[in-house]
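User: I've got a new structure on screen. Can you walk me through it?

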Amino acid sequence: MAAVLPNYPFYDRYLAFRDRLTGDAGFRRWASRFFLTRWIARRHAKALFDLNTGFVYTQVLQACVRLEVFEALRNGPLSLTQLSLRTELAPEKCRVLMRAAESLRLLETRSIQSHEEGFGLGFLGAALIDNPGVLGMVRHHALFYQDLVDPIALLRGETEPRLKQYWAYSGTDPVQHESPKAQEVASYSELMSASQPFVVDQVLDAYPFHRHQVILDIGGGEGTFIRSVMELHPRLEGWVMDLPAVTERAELAMKRAMPDRAWRVFPGDFRSAILPQGADLITLVRVAHDHDDAVVQPLFSKIFSALLPGGRLMIAEPLAKTPGAEPMGNAYFGMFFLAMGSGRPRSFDELHTMLTQAGFTSIQLVKTAIPLQTSVIIAIR
Ligand SMILES: C[S@@+](CC[C@H](N)C(=O)[O-])C[C@H]1O[C@@H](n2cnc3c(N)ncnc32)[C@H](O)[C@@H]1O
């Protein structure tokens, strides 16, 4: 029913009426004073204010991460003087940053023995301790931020985005471009490994891997995901496929961490190479959304053929239109992939259509604890 509402003339008329009302300054003034509508007016004013000023909040976080403020407060609160020494900021400038971070729940004011103004970790700041994945993404966003300085130039393709250079595989053509070199994959491979805990913990909680014998992780990076799965499932054999410069890193890591386990590493470009045959589970973890439909649709078909009959494909990535986390999909990832030069966030429905076209049946969205970080889709061959 909800899906047909937007075409329903009465609903259209209602929306037009609502927009006219909200667009009227006099009505907005009235609604902000009237006791029954005041809370709605306040909520909308705050949402608009946050949308307008969010870049400042982001830069406060960026400054705290780069100055290692959260690390400095790991063992307890510090006075403003101590923080000013640690951050090498003049006390009055340090106060501006600390108070800004406090208002964003990154820090909290704490009374310390000297009765000088002091700060400790706030609810959100504490969540950044021992969290190299988020810290790495915050630092990475310094690049993305530069690409967003002129969003229209970015949208018109008038700039050479920094993200495109960073993600060396994006928007390349396997025939025209050489595969990325070791130094071009090092930084993103480390970032992906560091941020893997966002994903793997949730996937492990959501899906029973014990029913499988051989799992092939395509675009598996340094093998961080597959090692976590193998550690929990001692009989599972793990295969990783990625670009050659990345599988060199995966091979070293697998040799070091899994000397007594069965594993294989397949260097290759999944757009042009034949996929390894015979796995009963193939995983695409944060891979499909990096690529355009023209790459992903044939990849799904190749995966379908490479799987054993009855085998499964797992897609683990954040989805567009995730209820309660809508801006993460089409706003954040939409602009991110635009800057990167390929890929797009897809909704479950869009992936469902593409998977069906590749021959998969019984395509399910599996519940994860924090869909903002990752969703999981299982499709059966
Ligand atoms: C966003 S990273 C995700 C890595 C890993 N799955 C994770 O979640 O940490 C995407 C991975 O896909 C690999 N990749 C991109 N294009 C590829 C291609 N055409 N063939 C093989 N691997 C590719 C990249 O090298 C990179 O390791």
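User: Let's start with a single residue. Is Glu 68 buried, exposed or partly exposed?

Analyst: Glu 68 counts as partly exposed because 13 C-beta neighbours lie inside 10 Å. The scale is this: buried means 20 or more other C-beta atoms within 10 Å of the residue's own, exposed means 12 or fewer, partly exposed is in between, and C-beta atoms are placed from the backbone. Before going on, note that this is a predicted model: local features need pLDDT of at least 70, side-chain atom pairs count only at pLDDT 80 or more, and totals for chains, interfaces and linings use all residues. Residues are numbered from 1 along each chain as its sequence is written.

User: Where is Glu 68 found?

Analyst: In the loop between helix H3 (38-66) and helix H4 (69-72). Helices (H or I, at least four residues) and strands (E, at least two) are DSSP runs, numbered from the N terminus. Glu 68 is not a glycine, yet its phi is positive, about 55 degrees.

User: And what is the phi of Asp 130?

Analyst: About 50 degrees, so to speak on the positive side, and Asp 130 is not a glycine. Asp 130 sits in the loop between helix H7 (123-126) and helix H8 (132-147). Asp 130 is exposed, because 9 other C-beta atoms lie within 10 Å.

User: OK, overall picture. How many helices and strands?

Analyst: The protein has 17 helices and 10 strands. Its C-alpha trace spans about 65 × 65 × 45 Å along the principal axes. Of the 381 residues, 31% count as buried.

User: What about contacts between residues at least 6 apart in sequence?

Analyst: Among those, 64% join residues at least 24 apart. A contact means two C-beta atoms, placed from the backbone, within 7 Å.

User: Now the ligand. Which residues come nearest?

Analyst: Met 192, Gly 219, Gly 221, Val 285 and Arg 286, out of 20 residues around the ligand. A residue is near if its C-beta atom, placed from the backbone, lies within 6 Å of the molecule. The elements that give two or more residues to that shell are helix H11 (182-194), helix H12 (196-206) and helix H13 (224-232).

User: What's the chemistry of the shell?

Analyst: Nine nonpolar, six polar and five charged residues. Here Ala, Val, Leu, Ile, Met, Phe, Trp, Tyr, Cys and Pro are nonpolar, Asp, Glu, Lys and Arg are charged, and the others, Gly among them, are polar.

User: Stay on H11. Which of its residues are buried?

Analyst: Val 185, Ser 189, Met 192 and Ser 193. Met 192 is also one of the residues nearest the ligand. The buried residues of H11 pack against H12, H13 and H14.

User: Where does H14 fit in?

Analyst: Helix H14 (residues 244-257) joins S5 and S6 in a right-handed β-α-β unit. Right-handed means that, with the strands pointing away from the viewer, the path from the first strand over the helix to the second runs clockwise. S4, H13 and S5 make a right-handed β-α-β unit too.

User: How do those strands pair?

Analyst: Strand S4 (residues 214-218) and S5 run parallel, joined by five bridges. Leu 216 has Trp 239 in S5 as its bridge partner. S5 and strand S6 (residues 263-267) also run parallel over five bridges. There, Met 241 partners Phe 266 in S6. Two strands pair if DSSP finds at least two bridges between them.

User: Why is S5 largely enclosed?

Analyst: Because five of the six residues of strand S5 (residues 237-242) are buried.

User: How many residues of S9 are buried?

Analyst: Zero of the six in strand S9 (residues 361-366), which is hardly covered. S9 pairs with strand S10 (residues 375-380) in the antiparallel sense over four bridges. Thr 361 stands opposite Ile 380 in S10.

User: Last one. In what order do S1, S2 and S3 lie?

Analyst: S1-S3-S2, an open sheet with antiparallel pairing. Strand S1 (78-79) and strand S2 (107-111) are the edge strands, each pairing on one side only. S1 and strand S3 (residues 117-121) share two bridges. Ser 79 has Gly 118 in S3 as its bridge partner.
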